[in-house]
Amino acid sequence: MQKSSGSTSVRGKRHTTVLFSASLGLAAAVVLSGCGSGADDAPQVDWASDVCDSVRDVGSELTLPAADRKNAKEYHSEVVTFMDALGRRLGALDKKMRHEGAPPVDGGDAAYQKALGNLRTARSSLADTTARLKKADVTDEKSLKTALRKAGEGLRRASAYQGPAHDFRADPALGKAFDKAPKCKNLPDG
């Protein structure tokens with residue numbers, strides 16, 4: 001009898017040990033799955049929200065003047081004014097991006113420097129085009145067409161710029177942060 005009592009006791013201890021181990025494993029799985037589908041991305045989401053705020057602020061309420069071929073000089077002046085305003089907005093975005101700093105992810109500084117470089121290239125291209133358009137001698141519709149055609153190449157280069165949100169989305173971690181940031185909803189990618 002002692003023998004069977006001892007074997008029951010050993011079997012009970014094994015059963016208790018197996019249940020305890022399984023419970024620990026389950027608890028560990030629950031804890032790991034609760035925090036483990038990825039690192040805490042709150043800093044990236046906050047950073048992305050700030051960037052989207054900056055992009056939205058800089059890009060708001062700027063419209064290209066309606067074409068008025070009857071008064072070529074006036075239209076030329078309105079287009080130059082528009083381009084100057086756009087250049088100032090790109091400068092303001094550059095300043096805001098420098099204020100936001102690099103994103104809080106591995107490799108964030110490289111992504112940040114690339115985005116700033118693209119912004120500055122677009123800004124420089126726009127400034128060069130605006131300067132050439134300002135100097136154009138516009139007296140009539142024909143000279144206006146010529147001036148705008150010459151400005152077209154610089155405008156195409158500047159308009160190819162899709163913005164810092166687009167540049168930052170190339171990084172998978174930042175792309176997820178932009179997707180999660182409520183302030184980035186409905187923000188055009190470019």
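**Figure 1. Covering of the buried residues of helix H4 in the predicted model.** The buried residues of H4 are covered by elements that include H3, H5 and H6. In this predicted model, the buried positions of H4 are Gly108, Ala111, Tyr112, Ala115, Leu116, Leu119, Ala122, Ser125, Leu126, Thr129, Thr130 and Leu133. Helix H4 has 28 residues, and from its first C-alpha to its last it reaches 41 Å. That span is close to the 40 Å expected at 1.5 Å a residue.

**Figure 2. Packing of helix H4 against helix H5.** Helix H4 covers residues 108-135, and helix H5 covers residues 141-159. The axes of the two helices lie 8 Å apart and make an angle of about 175 degrees. H4 is therefore roughly antiparallel to H5, because angles over 145 degrees count as such. By class, 8 nonpolar, 3 polar and 2 charged residues make up the contact of H4 with H5. From H4, the residues in this contact are Ala122, Ser125, Leu126, Thr129, Arg132 and Leu133. From H5, they are Ala147, Leu148, Ala151, Gly154, Leu155, Arg157 and Ala158.

**Figure 3. Surroundings of Ser125 in helix H4.** Ser125 is found in H4 and is one of the buried residues of that helix. Ser125 has a relative accessible area of 10% and so counts as buried, the limit being under 20%. Beyond residues up to four places away in sequence, Ser125 touches Gly154, Arg157 and Ala158. These three partners are among the H5 residues that meet H4.

**Figure 4. Ala151 and Lys150, two neighbouring positions in helix H5.** Ala151 has its place in helix H5, as does Lys150. With a relative accessible area of 4%, Ala151 is buried, whereas Lys150, at 64% relative accessibility, counts as exposed. Ala151 touches Thr129 and Leu133, leaving aside residues up to four places away in sequence. Both partners, Thr129 and Leu133, are listed among the H4 residues that meet H5. Arg132 is a reference point for the two positions. The C-alpha atoms of Ala151 and Arg132 are 7.2 Å apart, with their positions 19 residues apart in sequence numbering. For Lys150 and Arg132, 18 residues apart along the chain, the C-alpha separation is 8.5 Å.

**Figure 5. Ser143 in helix H5.** Ser143 lies in helix H5 (residues 141-159). Its relative accessibility is 15%, so Ser143 counts as buried. Apart from residues up to four places away in sequence, Ser143 touches Asp137 and Val138.

**Figure 6. The largest nonpolar core.** This core has 39 residues. The residues with the most contacts inside the core are Trp47, Ala48, Met97, Leu133, Phe168 and Phe178. At least two residues of the core come from each of helix H2 (42-59), helix H3 (72-100), H4, H5, helix H6 (164-169) and helix H7 (172-180). H3 provides the largest share, 9 residues.

**Figure 7. Contacts of Trp47 and the end of helix H3.** Trp47 is among the residues with the most contacts inside the largest nonpolar core. Not counting residues up to four places away in sequence, Trp47 touches Glu100, Gly101, Ala102, Pro103, Pro104, Phe168, Leu174 and Phe178. One of these partners, Gly101, follows just after H3 and takes a positive phi of about 80 degrees. H3 itself has 29 residues and reaches 42 Å from its first C-alpha to its last. This is close to the 42 Å expected at 1.5 Å a residue.

**Figure 8. Ser54 in helix H2.** Ser54 is found in helix H2. Its relative accessible area is 4%, which means that Ser54 is buried. Leaving aside neighbours within four places in sequence, Ser54 is in contact with Leu93, Lys96 and Glu100. Ser54 and Glu100 are 46 residues apart along the chain, and their C-alpha atoms are separated by 9.1 Å.

**Figure 9. The protein chain as a whole.** The protein chain has 7 helices and 0 strands, in the pattern α-α-α-α-α-α-α along the sequence. Of its 190 residues, 33% are buried. Among contacts between residues at least 6 apart in sequence, 73% join residues at least 24 apart.

How values were computed:
Residues are numbered from 1 along each chain as its sequence is written. This is a predicted model: local features need pLDDT of at least 70, side-chain atom pairs count only at pLDDT 80 or more; totals for chains, interfaces and linings use all residues. Side-chain values use heavy atoms; hydrogens and water are left out. Helices (H or I, at least four residues) and strands (E, at least two) are DSSP runs, numbered from the N terminus. Buried means under 20% relative accessible area, exposed over 50%, partly exposed in between (1.4 Å probe, protein chains only). Contact means heavy atoms within 4.5 Å. Axes are lines fitted to C-alpha atoms, for helices over the stretch in contact, and angles run from 0 to 180 degrees between N-to-C directions. Angles under 35 degrees count as roughly parallel, over 145 as roughly antiparallel, 65 to 115 as roughly perpendicular and the rest as oblique. Ala, Val, Leu, Ile, Met, Phe, Trp, Tyr, Cys and Pro count as nonpolar, Asp, Glu, Lys and Arg as charged, and the others, Gly among them, as polar. A nonpolar core is a set of buried Ala, Val, Leu, Ile, Met, Phe, Trp, Tyr and Cys residues joined through side-chain atoms within 4.5 Å. The expected span of a helix is 1.5 Å times one less than its number of residues.
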